[in-house]
Amino acid sequence: PPLRKQFPQMQISAPVKTFSLNGHNRSYIDVTLPFSDYSKFFRSNPYNSMKGEGEQRAEDPKHTKKLAGEMLAGNYTPAQHGACLRQKQRKTLLSIKDGTATLELREDDPISITDGQHRNHSGFSIIQAHPALKAEVDRLPVDVKIMLEGDPKRDFLRLQAGKAPDKAHMFSLQTQLS
């Protein structure tokens, strides 16, 4: 039989946290990975309306470039990324024992990014524009909240449903800091 290609994989473990309110529960883990590992095992899946697949909006190269510029200038405020296991992944990659989740990360079955795709793409953008910074970018910590149940499409929609800040408020704050 032909040899199967071996894909990188790793195991992570973290305490299971539960957001519980009014009889509804959401379980998740918080982990921190270096960018080199995060970028291997987590992927954004752009939505394809013809196939009904994926959940993320298409990458906006201008936004990616802006974030990369802020990172390079020291003006970036790190923020947690969001991810969600698909139903099949919960069955094949996740085990929970004594309040600790163990998750097998596989490059050939990446976890869906539900929040943070442009921050992720910014890392790649920096490496492409400044190859000498690759090792430094690869070491950057990426904090990820991984939802252990749910649906990536629904979680993406929920994360995008926040109220946009008032433009006058933003302008006033920016003027004060100038």
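**Exercise 1. Work out how S4 is joined to S8, and which residue pairs with Phe42.**

Step 1: Look at the join. Strand S4 and strand S8 (residues 111-115) run parallel, and two bridges hook them together. That is enough to call them paired, since pairing takes at least two DSSP bridges between the strands. As for the labels, helices (H or I, at least four residues) and strands (E, at least two) are DSSP runs numbered from the N terminus.

Step 2: Find the partner. Phe42 has Ile111 of S8 as its bridge partner.

A quick word on ground rules: this is a predicted model, where local features need pLDDT of at least 70 and side-chain atom pairs count only at pLDDT 80 or more, while totals for chains, interfaces and linings use all residues. Residues are numbered from 1 along each chain as its sequence is written, and side-chain values use heavy atoms, with hydrogens and water left out.

**Exercise 2. Place S4 in its sheet and say which strands stand at the edges.**

Step 1: Write down the order. The sheet is open, has six strands, and reads S2-S3-S9-S5-S8-S4 with mixed pairing.

Step 2: Check the ends. S2 (17-21) and S4 (42-43) each have a single partner strand, so one side of each lacks a neighbour in the sheet.

**Exercise 3. Describe how helices H4 and H6 lie on the sheet.**

Step 1: Start with H4 (residues 117-129). This helix packs on the sheet and touches S5 (81-84) and S8, where contact means heavy atoms within 4.5 Å. The direction of H4 makes about 110° with that of S8. Axes here are lines fitted to C-alpha atoms (for helices, over the stretch in contact), with angles from 0 to 180 degrees between N-to-C directions.

Step 2: Move to H6 (residues 152-160). H6 lies across S3 (24-34), S5, S8 and S9 (141-147), and runs at about 15° to S8.

**Exercise 4. List the buried residues of H4 and what they pack against.**

Step 1: Apply the cut-offs: buried is under 20% relative accessible area, exposed is over 50%, and partly exposed is in between (1.4 Å probe, protein chains only). In H4 the buried set is Gln117, His118, Arg119, Asn120, Ser122, Gly123, Ile126 and Ile127.

Step 2: Find their neighbours. Those buried residues pack against helices H1 (35-41), H2 (61-73) and H5 (134-139), plus strands S5 and S8.

**Exercise 5. Count the aromatic pairs and classify Tyr38 with Phe42.**

Step 1: Set the rule. Rings of Phe, Tyr and Trp (its six-membered ring) pair if their centres lie within 6.5 Å; planes under 30 degrees apart are stacked, over 60 edge-to-face, and the rest tilted. The count is two aromatic pairs.

Step 2: Classify. The ring centres of Tyr38 and Phe42 sit 4.9 Å apart with planes at 20°, so this pair is stacked.

Step 3: Check burial. Tyr38 is buried at 0% relative accessibility, and Phe42 is buried at 1%.

**Exercise 6. Decide where Asn22 and Asp98 sit, and whether each is buried or exposed.**

Step 1: Take Asn22. Asn22 is in the loop between S2 and S3, has a positive phi near 55° despite not being glycine, and is exposed at 70% relative accessible area.

Step 2: Take Asp98. Asp98 is in the loop between S6 (94-97) and S7 (100-106), its phi is also positive, near 55°, and its relative accessibility of 74% makes it exposed.
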